[in-house]
Amino acid sequence: MRYLPHTEADRRAMLATIGAKDVDSLFKDVPAAARLDRPIDLPAGQSEMAVERMFTRMAGKNLSAGCAPFFIGAGLYRHHVPASIDQLLTRGEFLTSYTPYQPEVSQGTLQYLFEFQTQVCMITGMEVANASMYDGATACAEAAVMAARVTRKKKIILSGSLHPHYAETTRTVVKHLGLEVEELAPDPFGLEDLMGRVDSRTACLIVQNPGFFGGIRDLTQLADACHEVGALLVVAVAEPVSLGLITPPGAMGADIVVAEGQSLGMGLQFGGPGLGLFATREKYVRQMPGRLCGQTVDQDGKRGFVLTLSTREQHIRREKATSNICTNSGLCALAFTMHLTMLGETGLTRLAKLNHAQALRLEQALRRVTGAKVLNQTYFNEFALYLGDDVDATQVVEKLAAKGILGGVPAARFYPHWPELRPVLLLAATETNTQDDMDALVSALNEVL
């Protein structure tokens, strides 16, 4: 071990102290068959320049989002991120900041977290928000647990419009909490009867808007139906840019809103990290998981910021805490806040309108593809495309990639046991797509179908 400071004499002294003959005797409880009796088969060490060349060649095999027509969505979306955001994020006071337990030396961090929470409340139409969570999926699971705690009921209903990863994460988290999960079938047409599912045993109903297949719905009556039986309505949002255009969940009666914040300030980055947004009604604030930043005044009457209601958290309440989440996505939350601040309310609305317009252009272009049809009646910047009865969307995507086009996500990737979804392709269009991109996709689809 090249960098270990111990000499051979040091090792002998330590072994003698613990009564071991040699280092190998420390592993005697490991079966011999499980121990490697030869050096690991790895190439010899190389120079830094050689390693850089090797990884550059490997990276060259990737077809990256910025180098090809890109129509992939399904929960993570490619948007333009201003160069100023990455430049500001790399400042030392942001990049190396830690949990701001000491407010007297953490006012900068606390202020941007407070501003982040304010922005989340504004775009979701809710009253309070926490200082972020890991990603949209874990935020969704935390919402289910919170709803069960608030209502003291055990039944969690997952809409067929909910992202499969959100549903799977929720099932995993609540598995050993004595909660019952009722997951509905995938719903590409938006036809599921949710109000008929809610009853007096229901803790919450979790829906996504826009849905996983892109559909948008008015949740007002659904919220009323939940409240009539004492259940909470949880709304998940995978594409926060949509909140610049469609009615926010809070205005439709949602009790908890969770979202993935990646679209604002963050690139795709091979699938992570993400940013979990979590907002709720003020009456539920003491049941909300995660950290909460509050505004106050110091002894001189000047505005200041502190972590507040910390007795909810695990470092104080231990097993009785509202959640076992032990941190927040601080740097990602800062990127989100910077981007949203640069956009402003008018800019977010304009960006949302541009995204919807791009999706409309894409749908119109796809009318030139023989046999294909869009399944959605409504959508924001993503929709489900049916390719034909005998078409495998997974194979189509692979053929498109061979032609240098990243042409969406096959629904079967998320629903392998639903053969009726094999011909369904999810396509997203954002401000980064051009008309040339759309024409290339249409031409390639006509060739491979």
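## Starting at F27

Let's begin with one residue: F27 is partly exposed, with a relative accessible area of 43%. F27 sits in the loop between α1 (8–18) and α2 (48–59). Keep in mind that what you're looking at is a predicted model.

Which residues join F27 in a nonpolar surface patch? The partners are I18, V23, L26 and V30, and together with F27 they make a patch of about 440 Å².

## The whole protein

Now zoom out. You can pick out 12 helices and 13 strands in this protein. Its C-alpha atoms fill a box of roughly 75 × 60 × 45 Å along the principal axes.

How much of the protein is buried? Of its 449 residues, 50% count as buried. The exposed surface comes to about 23100 Å², and carbon and sulfur atoms supply 53% of that area. Take the contacts with a separation of 6 or more: 73% of them are between residues 24 or more positions apart.

Charges are part of the picture too. The protein carries 42 positive and 48 negative charges, and the mean positions of these two sets are 4 Å apart.

## Salt bridges: E183 and R171

The model has 13 salt bridges. One of them pairs E183 with R171, whose closest N and O atoms are 2.5 Å apart. E183 belongs to strand β3 (residues 180–183) and R171 to helix α7 (residues 164–174), so this salt bridge ties together parts that are 12 residues apart in sequence.

Are these two residues buried or exposed? Neither, quite: E183 is partly exposed at 41% relative accessible area, and R171 is partly exposed too, at 36%.

## Salt bridges: D392 and R422

Next up is the salt bridge between the side chains of D392 and R422, at 3.4 Å from N to O. This pair links distant parts of the chain, 30 residues apart. D392 is in the loop between β11 (382–386) and α11 (393–402), while R422 is in the loop between β12 (409–410) and β13 (424–428).

The surroundings of the two partners don't match up. D392 has a relative accessible area of 16%, so it counts as buried, because the cut-off for buried is under 20%. R422, at 36%, is partly exposed.

## Salt bridges: E447 and K403, and a network

E447 and K403 also meet through their side chains, with 2.8 Å between N and O in this salt bridge. Where do the two residues sit? E447 is in helix α12 (residues 435–448), and K403 is in the loop between α11 and β12, so to speak a long-range link of 44 residues along the chain. E447 is exposed, with a relative accessible area of 53%, whereas K403 is partly exposed at 44%.

Salt bridges can also share partners. Here that joins K155, E182, R197 and D199 into one network.

## A buried residue: Q358

Last stop: Q358, in helix α10 (residues 330–366). Its relative accessibility is 4%, so Q358 counts as buried.

What does Q358 touch, leaving aside residues up to four places away in sequence? The list is A429, T430, E431, N433 and M438.

Key
Residues are numbered from 1 along each chain as its sequence is written. This is a predicted model: local features need pLDDT of at least 70, side-chain atom pairs count only at pLDDT 80 or more; totals for chains, interfaces and linings use all residues. Side-chain values use heavy atoms; hydrogens and water are left out. A salt bridge is a side-chain nitrogen of Lys or Arg within 4 Å of a carboxyl oxygen of Asp or Glu. Helices (H or I, at least four residues) and strands (E, at least two) are DSSP runs, numbered from the N terminus. Buried means under 20% relative accessible area, exposed over 50%, partly exposed in between (1.4 Å probe, protein chains only). Patches are made of residues with over 30% relative accessible area and no salt bridge: like charges are joined within 9 Å, nonpolar side chains (Val, Leu, Ile, Met, Phe, Trp, Tyr) within 5 Å. Accessible areas come from the Shrake-Rupley method with a 1.4 Å probe; for residues, only the protein chains shown count as cover. Contact means heavy atoms within 4.5 Å. Lys and Arg count as positive and Asp and Glu as negative; His and the chain ends are not counted. The place of a charge is taken as NZ of Lys, CZ of Arg, CG of Asp or CD of Glu.
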